[in-house]
Amino acid sequence: MMNGLEKSDSCIVAEKPVNKSVPAEAESVEPRRETKGNTVEAPMRRTQSRESVELGLARVRERAKARKREQFTNLLHHVSVDALRLSYYSLKRAAAPGVDEVTWEQYGEELEANLARLHGCVHRGGYRPQPSRRLSIPKEDGRRRTLGVAALEDKILQGAVVNVLNAVYEQDFLGFSYGFRPGRSQHDALDALAYCIRNTAVNWVLDLDIQRFFDTLDQDWLMRFVEHRIGDKRIQRLIRQWLKAGAIEDGEWQATEEGTPQGGVASPLLANIYLHYSFDLWADRWRRREARGNVTIVRYADDIVCGFQYQGDARRFQQALRERLEQFGLTMHPEKTRLLEFGRFAHQHRTMRGLGKPETLDFLGFKHICGRTREGKFLLRRKTRRDRMRAKLRELKEGLMRRRHLPIREQGQWLGRVVRGYFAYHAVPTNRASLQGFLHAVKRYWLKALKRRGQRDKTTWDTLARLARAYLPTPRARHPWPDARFRVTYSR
């Protein structure tokens with residue numbers, strides 16, 4: 001077997017020789033067409049913007065990967081007009097405007113002139129960010145979440161700077177960090193958690209939540225963390241300006257002495273930088289030096305789940321982490337932070353001690369449950385959280401009642417888009433019952449909206465069933481099993 005593998009590997013390595021200035025004997029009979037350029041030349045860009053931006057950032061990535069402790073002192077020149085243009089087109093078209101009241105479409109009417117003016121203002125040092133517009137939106141648990149909506153030009157510049165900084169920090173961030181990173185999503189974090197629970201020695205889980213992280217983040221510590229890698233004073237100045245720009249709430253300006261606006265373009269990266277130095281590096285070192293058994297970590301922004309083989313390790317880690325976070329002005333959420341027995345053998349161990357079923361774990365909108373297959377084997381079941389489903393159904397019901405007088409075709413098309421978007425995230429294996437319940441509620445709301453179009457409406461469930469078959473998707477799993485996708489994504 002080994003000899004066969006070695007033979008196949010040698011065949012793969014043995015490639016045809018590169019082009020030579022003097023043709024070989026076989027080429028004298030069948031001459032090759034000349035190549036259109038020397039292979040050692042730098043690749044030519046195919047477009048005016050994206051290729052030129054990527055070529056410059058590729059060199060930054062290579063240097064950041066090769067020199068982990070080096071500071072980058074000259075990065076602002078990568079914030080070019082092309083980079084600003086790409087940032088503009090990456091923004092959401094229908095996003096709420098900031099204090100400037102400028103929409104995406106309005107800014108694009110004279111896009112090139114506006115980008116050239118912004119570019120010159122930034123590189124001359126005359127750029128001043130506008131304060132963010134502070135909004136408060138309801139959360140699933142009834143509380144309110146504060147968001148900061150930046151002006152459109154500030155969003156464009158932040159997006160271009162974030163693309164440059166990502167080229168540096170993506171080489172530094174650890175593998176268990178998944179939140180708001182290029183090429184990583186919530187489902188990557190969910191797959192990693194499911195894989196760790198299913199295939200590693202995890203008996204205890206610490207469900208960690210940092211209380212009001214984006215609001216209490218220490219700006220001085222953040223700038224010290226940024227300066228570890230970013231030595232360009234102009235980039236540092238831009239970040240300080242964004243942090244100190246303030247916020248407008250009820251027509252009054254308020255200073256922002258701590259935190260970073262949740263919902264801003266640069267805030268997710270700044271939060272990842274803060275947690276990389278305050279949590280990730282420390283936690284990775286702790287599990288290698290202090291832990292007696294297996295320790296796994298999955299972090300998505302400030303939502304963190306740590307798996308432990310031994311309860312003693314979990315308690316020591318929790319206590320040490322509390323002291324670690326206090327050094328950087330952070331605190332664990334007293335209600336959302338829990339240590340629970342969870343994993344493949346949790347049900348068996350709790351039964352031996354005369355306890356009930358294992359507690360459930362909430363992470364990224366799903367309730368994780370220690371279940372069993374028909375053969376009695378361990379099965380990690382994931383169901384949509386009820387509070388998240390109810391919040392989405394309330395939002396859908398309100399939108400449907402506003403559209404109840406539109407033609408049925410338009411209603412069906414809108415509902416189909418909403419339900420497909422919901423299924424795109426929640427349609428995971430073992431969650432079919434929740435999907436069916438969600439779809440049934442959507443049909444019930446639709447029937448109610450149709451009946452309120454007039455007193456003589458005679459729409460029945462049979463009629464609605466035909467409409468549902470025509471416009472609404474079927475509840476089935478649209479994501480593979482976590483183990484399968486995780487093994488493909490991380491083949492090692």
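**Entry 1: Phe 225 and its partner**

I began with Phe 225, which is buried in this predicted model, its relative accessible area coming to 5%. I then looked up Tyr 274 and found that this residue is buried as well, with a relative accessible area of 0%. The two rings form an aromatic pair of the edge-to-face kind, for which I noted 5.3 Å centre to centre and 75 degrees between the planes. Phe 225 belongs to helix α10 (residues 219-227) and Tyr 274 to helix α12 (residues 267-289), so the pair ties together parts that are 49 residues apart in sequence.

I next asked which residues share one aromatic cluster with Phe 225 and Tyr 274. The cluster is completed by Phe 213, Phe 214, Trp 221, Tyr 277 and Phe 328.

**Entry 2: other rings**

I counted the aromatic pairs over the structure and arrived at 22. One of them joins Tyr 169 and Phe 173, and I recorded this pair as stacked, with 5.8 Å centre to centre and 20 degrees between the planes. Both of these residues, Tyr 169 and Phe 173, are buried.

I also looked for charges placed over rings. The charged end of Arg 292 sits over the ring of Tyr 310, at 4.6 Å from the ring centre, and the charged end of Arg 444 sits over the ring of Tyr 445, at 5.4 Å from the centre.

**Entry 3: His 187**

I turned to His 187, which I located in helix α8 (residues 186-199). With a relative accessible area of 8%, His 187 is buried, because the cut-off for that label is under 20%. Which backbone oxygen lies 2.9 Å from a polar atom of the His 187 side chain? I found that this oxygen belongs to Tyr 425. Setting aside neighbours within four places in sequence, I listed the contacts of His 187 as Ala 424, Tyr 425, Val 428, His 479 and Arg 485.

**Entry 4: Gly 148**

I placed Gly 148 in strand β2 (residues 144-149), and at 8% relative accessibility this glycine counts as buried. I checked the C-alpha atoms of Gly 148 and Gln 262, and they are separated by 5.8 Å although the two residues are 114 residues apart along the chain. Gln 262 also appears among the contacts of Gly 148 once neighbours within four places in sequence are left aside, together with Ser 132, Arg 133, Pro 261, Gly 263 and Gly 264.

**Entry 5: the two sides of α18**

I went through helix α18 (residues 461-471) and noted Leu 464, Leu 467 and Ala 468 as its buried residues. These three lie on the same side of α18, because they cover an arc of only 105 degrees around the axis. On the other side of α18 I found Asp 462, Arg 469 and Ala 470, which are exposed. What do the buried residues of α18 pack against? I traced them to α16 (408-426) and α17 (432-451).

**Entry 6: the chain as a whole**

I closed with totals for the chain, whose secondary structure comes to 19 helices and eleven strands. Of its 492 residues, 45% count as buried. Taking contacts between residues at least 6 apart in sequence, I noted that 71% join residues at least 24 apart. The area exposed by the chain is about 28000 Å², of which carbon and sulfur atoms supply 49%.

Methods. Residues numbered from 1 in each chain as written. Predicted model: local features only at pLDDT ≥ 70, side-chain atom pairs only at ≥ 80, totals over all residues. Heavy atoms only, no water. Buried < 20%, exposed > 50% of the residue type's maximum accessible area, 1.4 Å probe, protein only. Helix = DSSP H or I, 4+ residues; strand = E, 2+ residues; numbered from the N terminus. Arc of directions from axis to C-beta. Contact = heavy atoms within 4.5 Å. Polar contact = N/O pair within 3.5 Å; in protein donor to acceptor, adjacent residues only side chain to side chain. Phe/Tyr/Trp six-rings, centres within 6.5 Å; stacked < 30°, edge-to-face > 60°. Lys NZ or Arg CZ within 6 Å of the ring centre and 35° of its normal. Areas by Shrake-Rupley, 256 points an atom, 1.4 Å probe, with all protein chains shown as cover.
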